[in-house]
Each structure stands twice: as C-alpha cells, then as structure tokens.
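This report describes the fold of one protein chain, from its overall make-up to individual residues. The sequence and the model are shown first.

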Amino acid sequence: MTIGLTTQPSSTSLSRYATAKSPGVDLYNGSKSREFCNSFWGGDAGVNVLFARMRGAARTADELRAFWKERAAIEEEYARKLMELSKVPLGKDEIGEVRNVLDTVKLETEKMAQAHVELTTQIRHDLEGPTTALLTQHVEHRRTHQGPLEKKFKLKQMQESYVAKAREKYKSDCSRITSYTKQIEVSGNNTDRLQAKLDRAKQTVQANEKDYRNFVDKLKEMDDDWETEWRAFCDESQDLEEERLDFLKDNLWAYANAVSTVCVADDVSCEAIRTVLDQFEGDKDIENFVNEYGTGNSIFEPAPFDGSNDATLPEPQPVIKYALFPRRRKSGQDRKPLMANTALVNAGGSAGTSAAQVPPLPPAPVAVAQQPVAQAPPPPPPLAVNATLAPPTQNGSASTYRRVSQPLPEQPVVHGRDPVPSPQPPDHLGGGILFYVKALYDYTATIDEEFDFQAGDVIAVTATPDDGWWSGELLDENRREEGRHVFPSNFVCLF
C-alpha cells in the first residue's frame with residue numbers, strides 16, 4: 001500500500017499572508033494582549049489570516065487522521081506477517097539445546113507479533129478515533145460558524161465597493177458643478193448652455209448623494225453587526241485552537257509512548273533469546289547428542305577366511321577394534337566464524353561502525369579479588385581499529401562479552417591487575433590531550449586509580465599504554481576526582 005503525497009501548495013497556507021514587519025511600528029498600539037479578539041483587525045488582512053488558520057487546522061486534523069489510519073494498516077500487516085512467520089517450521093529435525101533455542105525464537109516472534117497487534121488496536125482506538133472526533137469538531141465549526149461568517153464578510157466587502165463607487169460618482173458630480181459654476185462666472189455671454197449643464201448636474205448630484213448616504217448607512221449597520229460577530233468568532237476560534245494544540249501534543253505523545261512500549265516488548269523478547277543463547281554451548285550440545293544417540297566405538301572387521309571343512313567347528317568371530325582416532329580439525333586459518341564480520345554479532349563493529357550498533361548488554365568488568373591469586377583475568381586490551389566483540393556468554397547471572405583483539409603479553413598478576421605502573425595524570429590535562437573518546441558503557445572503578453564513568457561521557461585521553469588501561473580525565477569537572485585517571489580502553493570509542 002502506498003500513500004500519494006501531493007506536491008501542490010496548500011490553499012490554506014498562511015505564507016500568502018505573511019508580511020514584513022516595519023521596524024519601530026507597533027501594530028498593537030502599546031497593548032500587551034495577544035488574544036485573537038484583539039489581534040486580527042486592521043481591515044480585511046486579519047480576517048483572511050484567521051480564516052486561513054482555521055482552514056489549515058481542519059486540514060491538519062484530516063491529514064493526521066489519514067496518517068494514523070495508514071500507520072495502523074502498516075502495523076497490522078507487519079503483525080500478520082510476523083504471526084505467519086512464527087508458525088513456519090524451524091528446526092523440527094533438531095534436538096537438545098539447538099531445538100530449545102529455535103523454539104524460543106519462534107515463541108518470541110509470536111510475542112512480538114502480538115505486541116504489534118496490540119499497537120495496531122491502540123493506534124486505531126486511542127489515536128485515530130480521537131483525531132476523527134477532532135476533525136468532526138472542526139468540520140462542524142466550519143459549517144455553523146466560519147461558513148456563514150465568510151458569506152457575511154463577502155457581503156460586507158461588496159457593500160464597501162458600493163460605497164466606494166457611490167462616493168466616486170458623488171465627488172465627480174460635485175467637481176462638475178464647481179467647474180460649471182466657475183465657467184459661468186467667467187463667461188459673460190452664452191451662459192445658457194452652461195447653465196443647463198449645471199442644472200442637470202445638480203439634479204444628478206442629489207440622486208447620487210442620496211445613494212451614497214444610503215450605502216454608507218447600510219455599511220455602518222453591517223459593520224456594527226460584523227464587529228460583534230467577528231469578535232465572537234475570534235474567541236471561539238482561539239478556544240478551538242487551544243484545545244487542538246493541547247490535543248496534538250497529547251496525541252503525538254501517546255503515539256511515541258505506544259511505539260516505545262512495543263520497542264521495549266521487542267527488546268524483552270530479544271533478551272529472552274539472548275538469555276537462551278547465553279546458556280547454549282555448541283560443544284556440550286554435540287556431547288549430549290553423542291551420549292544420547294551414539295552407537296559406540298567398536299569397529300567390526302570381517303571375519304578371517306576359514307578353510308576348514310569341519311562343519312562342527314564354530315563360525316569364526318569377527319575381529320573387533322576400537323575407534324580411538326585423533327580428530328582432524330580445521331586449521332585456524334580455514335576455520336573462520338561465518339558471521340565474524342557482521343555488525344549484528346560484532347558489537348564493536350569495523351572501522352566506521354557507529355556506537356548505535358553496539359548490543360544493549362555492555363561488557364561487565366570482572367570482579368577483582370582482594371587477596372593475591374594465582375591467576376586472574378587479564379586487563380582489557382587496547383582499543384584497536386579492527387577490534388570486535390564476540391557474542392555474549394552467561395556465567396550465572398552476570399553477562400560478559402569476550403573481546404576479540406590482538407593478543408596481550410603475559411605479565412604477572414597482582415590483585416587482579418597489571419602491576420605495570422600507569423602514567424601520572426597531567427595537572428588539569430596540561431600534559432597534552434592525545435584525542436577524545438566517548439564511553440559506550442557504564443563502568444565502576446575497582447581500585448583507587450580508576451574512575452567511574454557512564455555511557456555517553458566524554459573523556460580526554462592523555463596516555464595509551466599497551467596494557468589497555470589508558471589514562472585521561474572526564475570533561476565533566478564536577479565528577480572529576482583527583483588521583484583517579486585510569487580507565488579501560490575497551491569501554492570507549494573514538495569521539
């Protein structure tokens with residue numbers, strides 16, 4: 001389904017009535033009121049502007065109603081296709097954890113479809129329905145108030161044209177009478193013809209004066225009624241506009257909340273899939289498959305040739321040997337992950353990948369032991385251009401990401417941290433800023449030298465040692481702590 005968008009200018013556009021304001025000219029004559037009833041006079045200009053505003057308001061309501069209708073249709077179609085997809089067979093020949101993962105994908109897809117069905121209902125009931133009511137209100141206002149008033153406005157303009165024409169005729173007659181009178185005074189002889197013209201002009205001016213006076217009196221009567229009705233229309237229009245603008249704000253806010261709720265529901269479904277994947281280990285699934293369906297390692301070789309012609313001898317038994325072969329694995333170069341270069345799996349992405357593609361679960365720092373241990377997790381690796389994040393793994397309730405990067409040199413571990421001393425922070429960054437980075441995830445310091453930061457914080461980097469624990473300071477001075485300057489490089493990206 002497509003929407004036809006018109007490129008023609010709107011007949012209700014206010015741009016036709018926009019005028020440049022002269023500097024130093026106060027259109028409101030010192031009044032602070034900006035109510036409609038005090039702001040749209042000044043002749044016909046104010047009438048045309050307010051009429052255009054109200055026509056545009058009705059047009060917007062109609063366009064918004066059509067928008068919600070189309071948006072609901074799109075959401076309904078999407079939900080229907082998701083529901084159909086959730087019924088498609090997926091992994092029916094699988095067993096164990098693979099079957100569980102694929103069943104979870106289907107189940108969560110069905111939940112997503114249901115969430116979008118609910119969004120469709122919400123758009124039609126909570127958004128399109130009230131917008132239709134608003135449109136009906138504006139159509140009724142146009143029919144009962146604006147339409148009749150527009151007709152009266154045209155009659156008023158017509159009466160003003162009558163007054164202008166009558167005045168023009170009256171002034172013309174007055175000019176001719178003055179001219180004929182002066183000619184008669186100047187001419188001593190042959191004044192009869194001029195006197196006849198003067199008499200006819202006086203007769204004509206009397207009729208034109210009467211018409212002129214009648215037109216003026218009629219216009220004055222119409223103008224008094226018009227002022228009363230126009231003031232009432234201004235008040236009604238302002239009430240309607242205030243209600244409309246409040247409605248638009250609430251209506252669009254409800255739309256944003258509704259779509260956001262569906263996004264949260266989709267994310268919950270995706271998190272359920274990730275949780276199942278955290279518990280899934282391919283090696284264990286293969287081991288379970290072998291334990292459940294394996295047929296053993298006995299290899300039966302053919303029985304040897306028996307040339308004896310003694311039928312009483314037992315049949316020769318087959319030779320049995322056992323499969324104890326070493327597995328021939330692919331070399332490291334040949335065995336490449338199928339999705340190693342995609343942004344969906346590699347949260348860090350390749351060069352140029354934006355931070356928005358990072359998975360929602362940040363890499364959680366490993367808890368640091370308070371006493372010496374024989375072995376502890378290595379510090380984070382340096383931020384390399386080609387560094388990537390592998391899919392998450394789940395240990396208990398803590399989710400972590402395994403960073404795939406260049407190998408780190410093995411160094412002795414003390415209290416869970418690299419003993420190599422970190423560079424001293426410069427005084428107020430006076431040591432020189434190398435570049436700026438932005439935090440991708442929240443981080444909580446584990447030793448006194450480190451500092452806490454939150455996703456989105458900007459950090460000025462002053463040193464980048466090879467151990468991956470960089471030095472720098474937060475740009476936010478209010479949260480900067482003296483003596484704390486170390487942070488993990490794999491929690492940030494170039495700013």
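Which residue in β9 is the bridge partner of A463? The partner of A463 is S471, and the pairing is set in its context below. The model is a predicted one.

## Overall composition

The chain holds 495 residues, of which 28% are buried. Its secondary structure consists of four helices and 11 strands. Among contacts with a separation of 6 or more, 70% link residues that lie 24 or more positions apart. The exposed area of the chain is about 33200 Å², and carbon and sulfur atoms contribute 54% of that area.

## The five-stranded sheet

Five strands form an open sheet in the order β10-β9-β8-β7-β11, and their pairing is antiparallel. The edges are occupied by β10 (486–488) and β11 (492–494); each has a single partner strand, so one side of each lacks a neighbour in the sheet. On average, neighbouring strands of this sheet are turned by 50° against each other, direction ignored. In general, strands of a sheet pair through backbone hydrogen bonds, in either a parallel or an antiparallel manner.

## Pairing around β8

Strand β7 (residues 435–439) and strand β8 (residues 458–463) run antiparallel and are joined by four bridges. In this pair, F435 stands opposite V461, and Y436 has A460 as its bridge partner. In a regular strand, side chains alternate between the two faces of the sheet.

Four bridges also join β8 to strand β9 (residues 469–474), again with antiparallel direction. The pairing of A463 with S471 belongs to these two strands. The hairpin of β8 and β9 has five residues between the strands, and G468 in this hairpin takes a positive phi near 90°. Six of the six residues of β8 are buried, so this strand is largely enclosed by the rest of the structure.

## Nonpolar cores

The largest nonpolar core comprises 15 residues; those touching the most other members are V437, F451, F453, I459 and F487. At least two residues of this core come from each of β7, β8, β9 and β10. The greatest contribution is that of β9, with three residues.

V437 illustrates the contacts made in this region. Leaving aside residues up to four places away in sequence, V437 touches D457, V458, I459, V461, W470, F487, V492, C493, L494 and F495. A second core, separate from the one above, has 14 residues, including C37, L50, F51 and L149.

## Two buried residues of helix α3

Helix α3 spans residues 192–279 and contains N208. Is N208 buried or exposed? Its relative accessible area is 14%, and because the limit for a buried residue is under 20%, N208 counts as buried. Beyond residues up to four places away in sequence, N208 touches K169, Y170 and D173.

W226 also lies in helix α3. With a relative accessibility of 9%, W226 is buried as well. Its contacts, not counting residues up to four places away in sequence, are V47, L149, K152, F153 and K156. One of these, K152, is 74 residues apart from W226 along the chain, yet the C-alpha atoms of the two residues are separated by 7.8 Å. Another contact of W226, L149, is a member of the second nonpolar core.

Definitions and conventions. Residues numbered from 1 in each chain as written. Predicted model: local features only at pLDDT ≥ 70, side-chain atom pairs only at ≥ 80, totals over all residues. Heavy atoms only, no water. Buried < 20%, exposed > 50% of the residue type's maximum accessible area, 1.4 Å probe, protein only. Contact = heavy atoms within 4.5 Å. Areas by Shrake-Rupley, 256 points an atom, 1.4 Å probe, with all protein chains shown as cover. Pairing = 2+ DSSP bridges. Axes fitted to C-alpha atoms, helices over the stretch in contact; angles between N-to-C directions. Core = buried A, V, L, I, M, F, W, Y, C linked by side-chain atoms within 4.5 Å.
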